[in-house]
Amino acid sequence: MLSKYFKPALLKSIADKIGTPTYVYSEAVFLKQVRAYKKAFAGLDPLFCYAMKANSTGALCALAAKEGWGADVVSGGELHRALRAGFKPGKIIFSGVGKTPEELALALKAGILFINAESFEEVLELERVAAKLNLRAPVSLRINPDVDPHTHKYISTGLLGSKFGVSFDEALKIYIYAAESRHLKPVGAQFHIGSQVHSAAPYALAAGRLAAFMVKLASRGVNLKYADVGGGWGVKEGGEMADPSSLAKAVGGVFGGTGLKLVLEPGRSVAAPCGLLLASVIYRKTGGKKNFIIADAAMNDLVRPALYGAKHPAALIGRGRGPAKRWDIVGPVCESGDFLAEGVTLPEPAPGQLLAVYSAGAYGFSMSSQYNSRPRAAEALLTGPASWRLIRRRETYADLVAAEVKP
Ligand code: LLP
């Protein structure tokens, strides 16, 4: 269980010093996941580009950068954060369906490895931007392999009809155009079939289709260097990372020995297990047949239960008082969808008692907001069995209005 990495005494000392709600991350768990990837893919020597959208906090990104990883960014803001965290420009790739000309220019000026373009219009824009800067833009295309990853519909991206990528037919036309352009250099091809994918089978299918397409492309004179199989490897909430060796086998079976450089973009599987959301109980109450724990963390801090029906395990820190009961853990936000966990069996907590919501390191803080004018949570990093440091201070009321013109 993940709880063994987060000792109650340490969580208490964090709450005493900086309060709650606070995201607490374990450096050891983050590095464990990074190294598990390296080990599973050792024979393939891929480039790992950490998908920063999962958690773009500088201290965690810096850990990935120090391990030699690159970054997958999806906005100018993430590019800014990636460079600040120490990722080498030559290991940064840029994904997303709607990159603006300004963002493309920033990426080209920074000298990133390649841009994963998602439409012919984007490639034409990239060509214009590159021409203005008088350089050749390294471009890869995100191709939609039409493969069902069997995941939540909001995070399923590999079927035709989703807004992502281009079809193989469209890709062929774009590569042939790009190969003849003075300002474009086709270097790679990519797919990303979805997120929370628990089986390697859809990756094998998509990789097979991509490889066949790359052979066809080579016969038309376009030889690519990178085969990018995206991210999406699933992790059960509360569990440690699903072992990526079956994923390595699936994509290695297709691309191993081809001479292509394999690129992966893992996000959640690295960041989710390393973090928990630490909250305090404010009140308890009963409504109808339900028992509620009202905590000081809410959907603005962790939106995944409300948005995807995600079930994050929750536990009290320290002992409860009464016999175990079923509880809904909810926050102070004025919406019925504001819950962190539903129907969890726990002893009765005391007001002020700490509770932890696990597997919250990915898409937790990065999706948090100031909804209900709630300052965003603080973030702390456990750096050893008995040591931690603040990596992002709690926002203040002044932060809430910092960008606003005074009424
Ligand atoms: N690469 C691309 C192009 C992506 O769109 C994504 C995630 C990743 C890599 C990383 O996927 P991961 O390894 O983290 O599954 N907010 C949702 C997840 C959205 C994922 C979007 N794309 C959630 O909380 O479940």
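1. In this predicted model, domain 1 and domain 2 together bury about 830 Å² where they meet, and carbon and sulfur atoms account for 57% of that area. On the side of domain 1, the residues that lose the most area to domain 2 are Leu-2, Pro-273 and Tyr-308, which together make up 45% of what that side buries.

2. As for the residues that take part, twelve from domain 1 are in contact with ten from domain 2. Sorted by class, the side of domain 1 that touches domain 2 consists of seven nonpolar, two polar and three charged residues.

3. Although charged residues are present on the domain 1 side, the count of salt bridges between domain 1 and domain 2 is zero. The count of residue pairs in polar contact between the two domains is likewise zero, with the qualification that both residues of a pair had to be at pLDDT 80 or more to be counted.

4. The bounds behind these values should be kept in view: the domain assignment of the chain gives domain 1 as 2–23 + 273–401, in two segments, and domain 2 as 95–264. The C-alpha centres of domain 1 and domain 2 are 36 Å apart.

5. A separate point concerns strands β16 (residues 378–384) and β17 (residues 387–392), which run antiparallel and are joined by five bridges. The connection from β16 to β17 is a hairpin of two residues, and Ala-380 has Leu-390 in β17 as its bridge partner.

Methods. Residues numbered from 1 in each chain as written. Predicted model: local features only at pLDDT ≥ 70, side-chain atom pairs only at ≥ 80, totals over all residues. Heavy atoms only, no water. Domains from an automatic or database assignment. Contact = heavy atoms within 4.5 Å. Buried area = accessible area lost by both parts, 1.4 Å probe. Salt bridge = Lys/Arg side-chain N within 4 Å of Asp/Glu carboxyl O. Polar contact = N/O pair within 3.5 Å; in protein donor to acceptor, adjacent residues only side chain to side chain. Nonpolar A, V, L, I, M, F, W, Y, C, P; charged D, E, K, R; others polar. Pairing = 2+ DSSP bridges. Helix = DSSP H or I, 4+ residues; strand = E, 2+ residues; numbered from the N terminus.
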